[in-house]
Structure formats: C-alpha cells, structure tokens
Amino acid sequence: MALDVQKIRQDFPILKELVHGKPLVYLDNAATSQRPVQVLKEIEDAYLKYNSNIHRGVHHLSQKATEAHENSREVIREFINAKSTKEIIFTRGTTESINLIAWSFGERFCEKGDEIIISAMEHHSNIVPWQMLCERKELKLKVIPFDDSGTLDMDAFQNLISPKTKLVSVAHVSNTLGTVNPIEKIISIAHENNIKVLIDGAQSAPHFKLDMQALNADFFVFSSHKMYGPTGMGVLYGKEDLLNELPPYQGGGEMIETVTFEKTTYNELPFKFEAGTPDFTGSVGFAAGIKYIETLGIDSIHAYEDELLKYATEQLKSIPGLKIYGEAEMKSSVISFMVNGIHPFDMGTLLDQMGIAVRTGHHCAQPVMDRFGISGTVRASFAIYNTKEEVDTLLNGINRIAAMF
Ligand code: PMP
C-alpha cells in the first residue's frame, strides 16, 4: 500500500518547527526518530490516568499500570514474532541490552582464552562491552573486516572461527555505512560451529519486518527511540532456554523470588533481568511506537524508505567531489558522505543554518573512520516522514556550501 506521507507528517508536530527561520528538514533519524502525537498521547494517558508503580500493588491503578506494561510486552513479542513474552526483556536500550548479555553470557559461558567475534563496522555499543568482557575474563576479541564498499568479508569471518569462539555479535544494519549484513548466513555458520549469535538490530528494527522464530538468532537487541517511541527504552530478545541459563545482571526489585540474608532466589523470566521499578510509561510508549509502525505497515515503510534512499543516493552522486562511504549492494536508510574534503563539522554547521539536521563526525563508530582513514563523515538518515523534496533541499544546501569553499 502506498503511504500518504503528507498525512503522516501531520502526526509529527516538530516537523512544523522553524530552525534558524527555515522549515526543519530532519535527516538525523538513525540517531533518533521523532515521535508522533499518537505515542505522546499514550504516554500522557499513562501519567494522567493510571500512573502507579507496577507489579507490587493490589490497588486499581497499580493493576492497570501492570496490565499496560505487560500488554506492551505482548505488542513487542508479536511485532518480532518471538515465541513467548518471557523472551522480551525490557532494558534502557540497545546499549544496555548488549551490556547485559556481555556480562551475563560472559559470566556463564566464557573462560580464559575463549573468543568473541564482532565486525569492524560496529557501533561503539557493540564493541566496548565485549572489550570489557575480554578484559574481565581474559578473552580474545576478533574482528571481521569489510571491503571498500562496506561489505563484510564472509571468508574472513569463517577463518576467524575457532573451537574457542563462544559468541558472534554483529549489527544487522551499520549505522554509519548503511550496509545490511547477511545475518541469516552469519547465524547459520555460527550455529554450525556451536557458537551463539547476538544481532544488534538498532538500525534494522525501525525499517524491516522481523521474525525471531525464522531468524533463529540467540539474542536480538533494539531501541525504542529510533522507532517513534520514547528514549531510555529498549528490548533484549533472547531464546528462553538460553536466558534461563544466564545469571541476572542487576539485583533488586522484581527480579527476586525470595530474599534472606543467607540466600536470594531469582524470579522467572522475563522479570529476572528487570531489576528496579520498571519504566512502564516507557514500555507503553514503545508499544505505541510499534503500533504506529504497524498501522502504516512495515513493508510499506520499507518500500518507501528504500525508494527515498535510492533517490537520495542518485542525487548526491550528481554532486561533483562528493564521495559516499558505504556502497554495499544491500543498504538501508543511511548515507554517509564527504564533499571535496570539506570538514564534516563545517558542512553540518552550515546545513544547520539552512534548517537541515544531519549528523557529523564518527557516528560512534571510530574504527569505521579509521578503516577509511578519515576523521568523520556527514550522515543523512531517513524515516517515514521524509520526502524527496527534503532530499532536494539537502542537495541544494550541499551545492551552495561546496560553492563557498
Ligand atoms: N547500535 C547501533 C547500530 C546504533 O545505531 C546505536 C544507536 N546509534 C546503538 C547501537 C546504541 O543504541 P542506544 O544508544 O539506543 O542504546
């Protein structure tokens, strides 16, 4: 179904804002998307009508808030086709989800000399937790390289695998290069070698249809704020059997079954991994963001954004001296570029003066910059409310700035 983007834009009041007197062109969606009124309304209702601490109260409000929180978990389960809500752990986001697994999986399954594999195009959130684990447990971190187009070297991946490899953790979509990685292949190769797999879905969950049962990843993580939902909210999906084997990451709150000074026993999934007062307005907002996506249809979103990406790529390539970083065959919603050596910071600042929001710098992926021998890029990234006219505005802006230098 074709989407009515002008109608969709009405749902996002921020898009009517002026920036430096110019209409806002928001092209920083890979960092965070905007929120539609439908999501804000659900969060407002939660605070205004049934705010209460969940799970612990017999009173009406607490029960209502608990129900809303658990219904949100079900909305997310259905969205990613997980088998059970026990497999949906609420976290503060992708970063916390990865840290949780790096700690708990490392604690349970890793011994000195074991190996973890990541790729060279990971966000720092999918590098640093593994480095911390490697330091803590004396493991070795191995890195899958990528070629000039931003495509992972799958032969190198196979060669990195050893009997010591315990886990592979890779991005579904690179936040810097836009590459869509062949995660199905990575998962099947890893599983053939008895290795577990974590997929960082921060940049794919907003754009792709996901099916955990078909994908067969052991862990899959993503953030609400890139999916039209609130900040500080995310999910760790994990296979139930595996999550059952892992020790809890933090203690306190609903994660206990019984506590004495001699011994504490832990609650069942998913609560075992949710210490402290859960962010129930966050989960309600997250589910509202997902419902918003579902109302439009994830396949329609994907098709529209793909069209926009192709259009933007063609247009940008027409600018003399513009180089795109990341030209893999399969890409999604992100274009990184540099123009004639103009510093990305200068380009970003001047575009901002024109009302155009892009991201500049290393995009929390410094090793990607090192790979290309640059300090940063300009990154434009798209969401469902962006238009070809906005791409044209970006193009005009870049051309004007290039002429100035
Ligand atoms: N991984 C990737 C691929 C990302 O793009 C991001 C966000 N830029 C993260 C991890 C971290 O997500 P969060 O900050 O929401 O935890």
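## Helix 12 against helix 14

Helix 12 and helix 14 sit oblique to each other, because their crossing angle falls outside the ranges that count as roughly parallel, antiparallel or perpendicular. This is a predicted model, so keep that in mind throughout. The angle in question is roughly 125 degrees, with the axes of helix 12 (residues 344-353) and helix 14 (residues 388-404) coming within 10 Å. The crossing is a right-handed one.

Who actually touches whom here? From helix 12 you get Met-347, Leu-350 and Leu-351, and from helix 14 Leu-394, Gly-397, Ile-398, Ile-401 and Met-404. Sorted by class, that contact between helix 12 and helix 14 has seven nonpolar residues, one polar and no charged ones.

## Helix 2 against helix 10

Next up are helix 2 (residues 37-49) and helix 10 (residues 280-296), whose axes come within 8 Å and cross at roughly 155 degrees. An angle over 145 counts as roughly antiparallel, so that is how helix 2 lies relative to helix 10. This pair also has a right-handed crossing.

On the helix 2 side, the contact uses Gln-38, Val-39, Glu-42, Ile-43, Ala-46 and Tyr-47. Helix 10 answers with Phe-280, Thr-281, Val-284, Gly-285, Ala-288, Gly-289 and Tyr-292. The class count for helix 2 with helix 10 comes to eight nonpolar, four polar and one charged.

## Helix 4 against helix 5

Are helix 4 and helix 5 roughly parallel or antiparallel? Their axes cross at roughly 25 degrees and come within 9 Å, with helix 4 covering residues 94-109 and helix 5 residues 128-137. That makes helix 4 roughly parallel to helix 5, since the cut-off is under 35 degrees. The handedness of this crossing is right-handed.

In helix 4, the residues in play are Ile-98, Asn-99, Ile-101, Ala-102, Trp-103, Gly-106 and Glu-107. They meet Pro-129, Trp-130, Leu-133, Arg-136 and Lys-137 in helix 5. By class, the contact of helix 4 with helix 5 has seven nonpolar, two polar and three charged residues.

## Around the ligand

The residues surrounding the ligand are Thr-94, Thr-95, His-123, Ser-125, Asn-175, Asp-200, Ala-202, Gln-203, Ser-223, His-225 and Lys-226.

Which ligand atom does the side chain of Lys-226 approach? It's a nitrogen, sitting 2.8 Å from an N or O atom in the Lys-226 side chain. His-225 places a polar side-chain atom 2.7 Å from a ligand oxygen. Thr-94 takes part through its backbone, where an N or O atom lies 3.4 Å from an oxygen atom of the ligand.

## Two backbone oddities

As a rule of thumb, most peptide bonds are trans, and most residues other than glycine have a negative phi. Two spots are worth a look with that in mind.

Between Leu-269 and Pro-270 the peptide bond is cis, with omega about 0 degrees. You'll find Pro-270 in the loop between strand 12 (264-266) and helix 10. The other spot is Ser-333, which isn't a glycine yet has a positive phi of about 55 degrees. Ser-333 belongs to the loop that runs between strand 13 (322-325) and strand 14 (334-339).

Methods: Residues are numbered from 1 along each chain as its sequence is written. This is a predicted model: local features need pLDDT of at least 70, side-chain atom pairs count only at pLDDT 80 or more; totals for chains, interfaces and linings use all residues. Side-chain values use heavy atoms; hydrogens and water are left out. Axes are lines fitted to C-alpha atoms, for helices over the stretch in contact, and angles run from 0 to 180 degrees between N-to-C directions. Helices (H or I, at least four residues) and strands (E, at least two) are DSSP runs, numbered from the N terminus. Angles under 35 degrees count as roughly parallel, over 145 as roughly antiparallel, 65 to 115 as roughly perpendicular and the rest as oblique. A crossing is left-handed if the near helix is turned anticlockwise from the far one by less than a right angle, and right-handed if clockwise. Contact means heavy atoms within 4.5 Å. Ala, Val, Leu, Ile, Met, Phe, Trp, Tyr, Cys and Pro count as nonpolar, Asp, Glu, Lys and Arg as charged, and the others, Gly among them, as polar. A residue is near a molecule or strand if one of its heavy atoms lies within 4 Å of it. A polar contact is a pair of N or O atoms within 3.5 Å; within protein, one must be able to donate a hydrogen and the other to accept it, and residues adjacent in sequence count only if both atoms are side-chain atoms.
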